[in-house]
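Visitor: I'd like to learn how to read the interfaces in a model like this one. Can we go through them together?
Guide: Sure, let's put it up and start.

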There are 2 protein chains.
Amino acid sequence: MEFELQITDPQSRARTGKITTDHGVIETPIFMPVGTVGSVKGVHFNDLRNDIEAQIILGNTYHLYLRPGLDIIEKAGGLHKFNGWDRPILTDSGGYQVFSLSANRKIKEDGAVFRSHIDGSKHLFTPENVVDTQRIIGADIMMAFDECAPGDAPHDYAKKSMELTHRWLQRGITQFDSTRAKYGYSQTFFPIVQGAGFKDLRTQSAEYIASFGREGNAIGGLSVGEPAEVMYEMTEVVTGILPKDKPRYLMGVGTPVNILESIALGVDMFDCVMPTRNGRNGMLFTSRGIMNMKNQKWKDDFSPVDPEGTSFVDHHYTKAYLRHLFVSKELLAAQIGSLHNLAFYLWLVKEARSHIQAGDFIPWKNQMVKQLSVRL
Amino acid sequence: MEFELQITDPQSRARTGKITTDHGVIETPIFMPVGTVGSVKGVHFNDLRNDIEAQIILGNTYHLYLRPGLDIIEKAGGLHKFNGWDRPILTDSGGYQVFSLSANRKIKEDGAVFRSHIDGSKHLFTPENVVDTQRIIGADIMMAFDECAPGDAPHDYAKKSMELTHRWLQRGITQFDSTRAKYGYSQTFFPIVQGAGFKDLRTQSAEYIASFGREGNAIGGLSVGEPAEVMYEMTEVVTGILPKDKPRYLMGVGTPVNILESIALGVDMFDCVMPTRNGRNGMLFTSRGIMNMKNQKWKDDFSPVDPEGTSFVDHHYTKAYLRHLFVSKELLAAQIGSLHNLAFYLWLVKEARSHIQAGDFIPWKNQMVKQLSVRL
């Protein structure tokens, strides 16, 4: 993987860049649609490619490990071959999903023991076997196994958790550096900064992570229930420390506003289930604000879903028709909502990129942040 | 509406034809995907048009009347404007849906009183107001209001029911002929032959329906639980009587085999929820037979979904991946299954048409009927 830092905004830490992988180029800042079990929910791959113009998607190691299972993915020749997506894929490490199982997992020095949400079967993830799993999945970008502490973790818990994540990182790097890619193309490995909502821990963690000089770095443990201000504050601390010449990935973030604010703080990569999950439930993000498509007010609004939208769904369907589909619980409603929101997220980061290039990112961002929060 | 009878197979009653409506041409024999509430479940309209190559779709009067309701459809300027489908639309009369409500409806001379399956509210459908409703929906082809007797109805019940349907037809025709289309394009009105599983009643009903000389005629009350042999027998009786120079529509039929056998009996038009409903549940129809995609046997079959299929889904996705999506209950599974099955149904009738033209329809049909029933 190569990263070329292109333009840095003189008024903020926002920057544009170009990541080159064996599956193609990613222009940053970028949003990565989430393909939990190897499918972006409700979206055909041709639309993901040609309509949404996704450059990279995310797969969840925890989910893929359980279903279809590593034997099937390996037999297929990796996830790209299995799902037919030939652009880059990033996989998380499963740390966040295991953390979310709360009652059904136990964190030990060796790793995390958890029970499957599907059949209750018992499994162990370690920093080493999570590397092996991602080798089999064949992600272009793999993530270190981390413990993701809760947003309101007290300092002593957060510190212990961060230290465990650091020890796990060392083990993960050793495993990664002593193994090889399985399918003839390169894979890279990103470490993850933790430290919950504490500046001292975030500083310590960012310095530790930076010291490895990996090809890219991630910020984890944010957008897990803490106030947005804390998220921005922690992100600012961390991006001030992580190397400028490596891409920075803020995991699991977020709303359109979160993304723009974090771009201003120097983040290059994002992922979140929000566009698809909210889209399936009738919440559409647009450049003019947020629409709840189940709302009575759209019932006879025969204007296009989003006249300024980039997706075919924005122009083919009307608000009244889409509302009717949501009220009638039609499958097509979820499909339109997901496609629209993903196309909007991809438009938003592309637009951010072109405003950084044009030198007017901050005024544009400030204006957009106002518009994006309006309830239409 | 115009119908041009093109080629009639010398070995059977199969024929090709061309229906011309103000929304475009339909080449028969044809299958009409069902768009219950104005959406073909799980399928975007651009795929319906360009991938499936649907020439006409069906809407359900009962469902559209309840949701979004006639006020919204009228404000939109009709169903075509509301859902953005600019090719022909046929609407049923609601007779079949009301009949299916069993406990929640009462058939009287005036019409049928029923309770909504959504909120229990009380409604009355009459032969006249069902015409008015379809005028508002703006279907290119409207259907008469009929009583659809059960497949195992005794002779006296079937006779009374047929006679009621005939009286309702007279009232529907009077209403249709004394009203006008609302949106500047023509609408036509098909009467429906009833008579359950009795040759004498089917003969009587077909003669009565034929006597009106409408632009097209339908056969109702079949594929409602009776054996396939009875369905074919009744269809044969009726197509022997209905005028040759008018299209014949066999309502709610059926499996791929049912469709081929009925084409041989002189039917031109079909609709059925089977391709979408079964597709959503993992049953795929192909030219080599039927696949249950949830079956264990596909778990490591990395060949395309259907190498001979005409849809993009047949070639982009593999059987193993599609099985994984069904097992994981992913939305995309239902989308792929629906698209595949509809594309297959449309391919099947197109292929039937070209074999009628080529003069080898019966040998081709006999071979296909064998293949189509194979469990893969």
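Visitor: How many residue pairs are in polar contact across the interface of chain B and chain A?
Guide: A polar contact is a pair of N or O atoms within 3.5 Å; within protein, one must be able to donate a hydrogen and the other to accept it, and residues adjacent in sequence count only if both atoms are side-chain atoms. Here the rule finds 20 such residue pairs between chain B and chain A, both residues at pLDDT 80 or more.

Visitor: Which elements of chain B touch chain A?
Guide: Helices (H or I, at least four residues) and strands (E, at least two) are DSSP runs, numbered from the N terminus. Those giving two or more residues to this side of chain B include α1 (45–50), α2 (61–76) and α12 (319–327). The largest share, six residues, comes from α13(B).

Visitor: Any ground rules before we go on?
Guide: This is a predicted model, where local features need pLDDT of at least 70, side-chain atom pairs count only at pLDDT 80 or more, and totals for chains, interfaces and linings use all residues. Residues are numbered from 1 along each chain as its sequence is written, chains are lettered from A and ligands numbered from 1 in the order in which they are written, and side-chain values use heavy atoms, with hydrogens and water left out.

Visitor: How much area do chain B and chain A bury between them?
Guide: Buried area is the accessible area (1.4 Å probe) that two parts lose on being put together, summed over both. For these chains that's about 3,500 Å², with 60% on carbon and sulfur atoms. On the chain B side, H44(B), Y321(B) and L331(B) lose the most, together 18% of what that side buries.

Visitor: How many salt bridges cross the interface of chain B and chain A?
Guide: A salt bridge is a side-chain nitrogen of Lys or Arg within 4 Å of a carboxyl oxygen of Asp or Glu. The rule finds four between these chains. D300(B) pairs with K75(A) in a salt bridge, their closest N and O atoms 2.5 Å apart.

Visitor: And inside chain A, what domains are there?
Guide: Domain bounds come from an automatic or database domain assignment, which gives domain 1 (2–272) and domain 2 (279–372) in chain A. The area buried between them is about 2,600 Å², with 71% from carbon and sulfur atoms. In domain 1, D51(A), P256(A) and L260(A) lose the most area to domain 2.

Visitor: How many salt bridges does the rule find across that domain interface?
Guide: Three. As for K365(A) and E261(A), their side chains meet in a salt bridge at 2.8 Å, N to O.
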